[in-house]
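Reader: I would like to learn how to read the features of a model such as this one, step by step. Could we go through the strands, the cysteines, the aromatic rings and the internal space in turn?

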Amino acid sequence: MNTVSDSRLAAEADAVPLCVDLDGTLVGTDSLYEAFFALLKRHPLLAVRFPLWLSRGRACLKARVAEALPLDPRKAPYAADVVDFVHGEKAQGRTILLVTGADERVARGVADHLGLFDQIMASDGITNLSGRRKAEALRRRFGPRGFDYIGNCKKDLSVWRQARTAHVVTASDELTRKAGEVSSIGRVFARQAAGLEAWLGALRMHQWLKNLLVFVPLLAGQALFDASALSASIVAFLSYSLLASGTYVINDLCDLGVDREHPGKRRRPLASGRLLPSDGIRLAGGLVALALLLGLFLPWSFGLVLALYFAATLSYSLRLKQAMLIDVVLLAGLYTLRILAGSAATGIPLSSWLLAFSMFLFFSLALVKRYSELFTSEMAGGKGLSGRGYRAEDVNTVVSLGAASGFVAVLVLVLYINSEVAAGSYSRPALLWIPCVGLLYWISRAWMVVARREMHDDPLIWAARDQLSRWTILICVAAVATAV
């Protein structure tokens, strides 16, 4: 008798359909936000239509975005444990539905890719199938307690209230408790809440080393011990660093699909799914707001440079990073803007010598970065840089251009040492030959290291970690300070 009873119970369980949510449940992302940023990157001018689409309802916005550029189901960060569970239920003969607030084009793409779902229910451009609307649609179709549902957020409580069993994907015990108050708890797919490491990783604080360039005008203008100029430079550094982190987050949001194909970048918090796109939006907005707030304590010219940097970085993230050579010219310009920001914050004027030197030097370093990415892509089996304008056969050209630009920077420094400007600015200009030789050594060594495929970071980050580079920089700075 027990065997018959158990079989009947199993058959009844199999007769109850399993409904699976998409965003945050089956995939560790939000398909609307991800498609939104991908579309913004590919067609920036469409941004003017977003408010119009949204005014017609969230379902309309989802439909228009999905119509223009739907989520690529092959690149989505699927939750392996949820997929395995659904596979198991499918193997037992259960009817599986993908029930999502995402647009039906997105849902259909995921369903076709996975091959797990018998039916889909999704937003159709008129009705946004989320929260209470989803609950009501499922209740009408299957009746109260006539389905099981896998969800992940507070909006799903209304759906679980109508479900026989609530399967919960969450990092919150509170959500599981609330789901248990309205339905029977089934499987709990535990998620680890995004910790401090993930949030700090999105900031890329190691990149703040680049922003030390705002202190260059202090060194060049022999004002290292000017308290007013030094404090202004510190505020400029903090403001610039916060803004840079905000733009890195925006860049990561625009590059989610590309980063997931990169051997190293796929581990970034947003690309890996440890942070959701909505988290990234809030983080970027907060960082930019804090940067602008700090900028109010400095001259208006600093705010102008800050705005120029933000606009240039957005242009780089949305479009120009895909343009061969234009991207490295812009990167070199962004480095130089940091020096201009230091000048604007302190009022210390910059010479044309310093600006010329910085452009050639940073153009060389930007090409070092591209060369490093090219061979990393080659080692991963690629034929070039995904989402960029470079191919594997460009490697030798990149080396030639980068090394030549680095040596031109050394030449500019040589000419400066022998100029009347240097003679009038330094009491011992001959000591400037020490940083000249140091730069020649460091540029040559950087290209040797990258050619040996031993540099896997941004060149400035590598320099901060490399002992010989640190000693070279220290000696050069000491020589400049002594030459005053």
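**Reading the strands and what lies around them**

Author: Let us begin with a pair of strands, bearing in mind that the model is predicted. β2 and strand β3 (residues 119-123) run parallel and are joined by 4 bridges, and within this pairing Leu97 has Gln119 of β3 as its bridge partner.

Reader: Which helix makes a β-α-β unit with β2 and β3, and what is the handedness of that unit?

Author: The helix is α6 (residues 104-114), and together with β2 and β3 it makes a right-handed unit.

Reader: Which strands pair with β4, and in what sense?

Author: Strand β1 (residues 18-20) pairs with β4 in the parallel sense over 3 bridges, while strand β5 (residues 165-170) pairs with β4, also in the parallel sense, over 4 bridges. Individual partners can be picked out in each pairing: Cys19 is bridged to Tyr149 of β4, and Gly151 is bridged to Val168 of β5. A right-handed β-α-β unit is found here as well, made by β4, helix α8 (residues 157-162) and β5.

Reader: How should I read the directions of the side chains along a strand, and which residues of β4 point which way?

Author: The general idea is that side chains in a regular strand alternate between the two faces of the sheet. In β4 (residues 148-151), Asp148 and Ile150 point one way, whereas Tyr149 and Gly151 point the other way, and all of these residues are buried.

Reader: Turning to the cysteines, how many disulfides does a search of the whole structure find?

Author: In general, a disulfide is a covalent bond that links the sulfur atoms of two cysteines. In this structure, the search finds 0 disulfides. Cys19 is in no disulfide, and the nearest cysteine sulfur, which belongs to Cys153, is 15 Å away.

Reader: Why does the sulfur of Cys153 not form a bond with a cysteine sulfur?

Author: The sulfur of Cys153 is too far away for a bond, because the closest cysteine sulfur, in Cys19, is 15 Å from it, whereas a disulfide requires the two sulfur atoms to be within 2.5 Å. As for their surroundings, Cys19 is buried with a relative accessible area of 0%, while Cys153 counts as partly exposed at 27% relative accessibility.

Reader: How many aromatic pairs does the search of the whole structure find?

Author: It finds 13 aromatic pairs. One of them is formed by Tyr335 and Phe362, which are stacked, with 4.8 Å from centre to centre and 25° between the planes. Because Tyr335 lies in helix α17 (residues 326-346) and Phe362 in helix α18 (residues 352-379), the pair ties together parts that are 27 residues apart in sequence. Both Tyr335 and Phe362 are buried. Elsewhere, ring pairs link Phe36, Phe37, Phe50 and Trp53 into a cluster.

Reader: How many cavities of 30 Å³ or more does the structure hold, and which residues line the largest cavity?

Author: There is 1 cavity of 30 Å³ or more, and the largest cavity contains about 60 Å³ of space. Its lining consists of Ser31, Leu32, Ala35, Lys62, Val65, Ala66, Ala102, Asp103 and Val106. The elements that contribute two or more residues to this lining are α2 (31-42), α4 (58-68) and β2 (96-103), so that we return here to the strand β2 that is joined to β3.

Reader: How can I compare separation in sequence with separation in space?

Author: It helps to set the two values side by side for a chosen pair of residues. Ala392, in the loop between α18 and α19 (395-417), is 18 residues from Leu374 in sequence and 6.5 Å from Leu374 in space, C-alpha to C-alpha. Ala366, which is found in helix α18, is 204 residues from Gln162 in sequence and 57 Å from Gln162 in space, C-alpha to C-alpha. Regarding accessibility, Ala392 is partly exposed with a relative accessible area of 29%, whereas Ala366 is buried with a relative accessible area of 2%.

Reader: Finally, what are the overall dimensions and make-up of the protein chain?

Author: The C-alpha atoms fill a box of roughly 100 × 45 × 40 Å, taken along the principal axes, and the secondary structure comes to 23 helices and 6 strands. Of the 484 residues of the protein chain, 50% count as buried.

Terms used
Residues are numbered from 1 along each chain as its sequence is written. This is a predicted model: local features need pLDDT of at least 70, side-chain atom pairs count only at pLDDT 80 or more; totals for chains, interfaces and linings use all residues. Side-chain values use heavy atoms; hydrogens and water are left out. Buried means under 20% relative accessible area, exposed over 50%, partly exposed in between (1.4 Å probe, protein chains only). Two strands pair if DSSP finds at least two bridges between them. A crossover is right-handed if, with the strands pointing away from the viewer, the path from the first strand over the helix to the second runs clockwise. Rings of Phe, Tyr and Trp (its six-membered ring) pair if their centres lie within 6.5 Å; planes under 30 degrees apart count as stacked, over 60 as edge-to-face and the rest as tilted. On a 1 Å grid over the protein atoms alone, a cavity is a set of points where a 1.4 Å probe fits but cannot get out, and a pocket is an open set with protein on both sides within 12 Å along at least five of seven lines; lining residues have an atom within 4 Å of a point. Grid points are joined across faces, edges and corners, and a volume is the space filled by probe spheres set on the points.
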